[in-house]
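Open the model in your viewer and keep the sequence panel beside it. The stops below say what to select and what to look for there.

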Amino acid sequence: MRMSRRVSALALMLSLASAALVFLPEQTAVACPAPCTTETPVVTDPDPKGDLSDKTAVDDIRTDTTSCSVYANGTGMGMYCNTFGAGDAKTLREKYGDQKFQQCRYSELPPTVEAPHNPNPDKGRFMLMTCLENIDFDTYNGGPNRTLSLSIVFVPFGTDTSDHHNGITNFLWNQIDRNKPMPVPLLVTRPNRTPLVGIPTFFTFQWLDPLSGTPMEETRNGGAYREVTAGDVIMRARATKVVINPQQEGIKSTTCLADSPYREGALPKNQPADACSIIFKRSSASARKYATKPIPANIKDAFYADVTVTWEVTFGEEGQPMRTLGDGFAMRMRQVLPVQEVQAPNQPPTVIY
């Protein structure tokens, strides 16, 4: 399936807490000559320009049974698909006569999608609108040029957003949507729970589901892993690297594999060459003095590190070669990182090499 060219953009606000999908559709009706008629949605968009980002990628894939638009960004990925039956000996027009076809359907925004700013909350709200377009009603199953367009639209209160059901609508709408947020890495330091000055601090990552806060069980081939399937189409995301930047003068950032190895109990010289580590030159008691980025007032005696995860996303038909979506997606967040002197009285039991 082709992503409708009327969809101008799918935008990402790259942050830990939110991702924004912003589509800018032109409202047009599907051609549906008599006796077939099409229901036309009534929507308005108070912010037609939106806030776009160049880090989001959208593509499409079509198989014998499934037609999908896929998207990914630094905080989530997903696909919107249609599966179509083979039809029968009658065309849609012959079979369904004068039935009205519901071109667009409304749904709540996915969990990983933050609604645009609503300047008129008393008049309506933002919803996800999905539309089937370019339907050929003189074919058995809608024709080869069917497209699926997605848009976040401002829907005035009182608008009918319910799904309508009749023969032609139920036949053409076999809607499958799959959306998943990317896992978020929690920095875990070794060999000490709190890093010490002058002693190598090694980092491993506990990958958490950002919606539930629980550890991810979906890992494969190292690093965090996400998979989304719809029909015979599959999407996969794998974290490839993590950059940890303490945002402190004189302390360099480090770039690590997402599945960075660490040998529990081994001396620093016996750790794998690609283990993730930093040697801190000073404690975080002076974090605010040497910070290269502002530290929030409620964070006391700790570095406030930038953590950036790069995700690789592929998609394709099950059992066939996979295609790469985009050229890598960055998830950015900040995490508290306290560092203490060796002799600090409140330091938990330590391992000093």
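Start by selecting strands E13 and E14 (residues 233-245): they run antiparallel and are joined by 6 bridges. Strands here are DSSP runs of at least two residues (E), helices are runs of at least four (H or I), and both are numbered from the N terminus. Two strands count as paired if DSSP finds at least two bridges between them.

This is a predicted model, in which local features need pLDDT of at least 70 and side-chain atom pairs count only at pLDDT 80 or more, while totals for chains, interfaces and linings use all residues. Residues are numbered from 1 along each chain as its sequence is written, and side-chain values use heavy atoms, with hydrogens and water left out.

Stay on this hairpin and pick Arg226, which has Ala237 of E14 opposite. Then move to the turn: 2 residues lie between the strands, and Gly231 takes a positive phi near 60°. Now colour E13 (residues 225-230) by accessibility. Because 5 of its 6 residues are buried, E13 is largely enclosed by the rest of the structure. Buried means under 20% relative accessible area, exposed means over 50%, and partly exposed is in between (1.4 Å probe, protein chains only).

Next, select E11, E12 and E16. These 3 strands form an open sheet in the order E11-E12-E16, with antiparallel pairing. Its edge strands are E11 (184-190) and E16 (277-278), each of which pairs on one side only. Between E11 and E12 (residues 201-208), look for 7 bridges. Arg190 can serve as a marker here, since it stands opposite Phe202 in E12.

For the last local stop, go to Ile299, in the loop between helix H3 (287-290) and strand E17 (303-317). Is Ile299 buried or exposed? With a relative accessibility of 9%, Ile299 counts as buried. Show its neighbours: leaving aside residues up to four places away in sequence, Ile299 touches Arg288, Tyr304 and Val336. A contact means heavy atoms within 4.5 Å. Draw a C-alpha to C-alpha distance from Ile299 to Arg288 and it should read 9.6 Å, for two residues 11 apart in sequence.

Finally, zoom out to the whole protein. It has 3 helices and 18 strands, and buried residues make up 49% of its 353 residues. Of the contacts between residues at least 6 apart in sequence, 70% join residues at least 24 apart. Switch on the surface: the protein exposes about 16700 Å², with 50% supplied by carbon and sulfur atoms. Accessible areas come from the Shrake-Rupley method with a 1.4 Å probe, and for residues only the protein chains shown count as cover.
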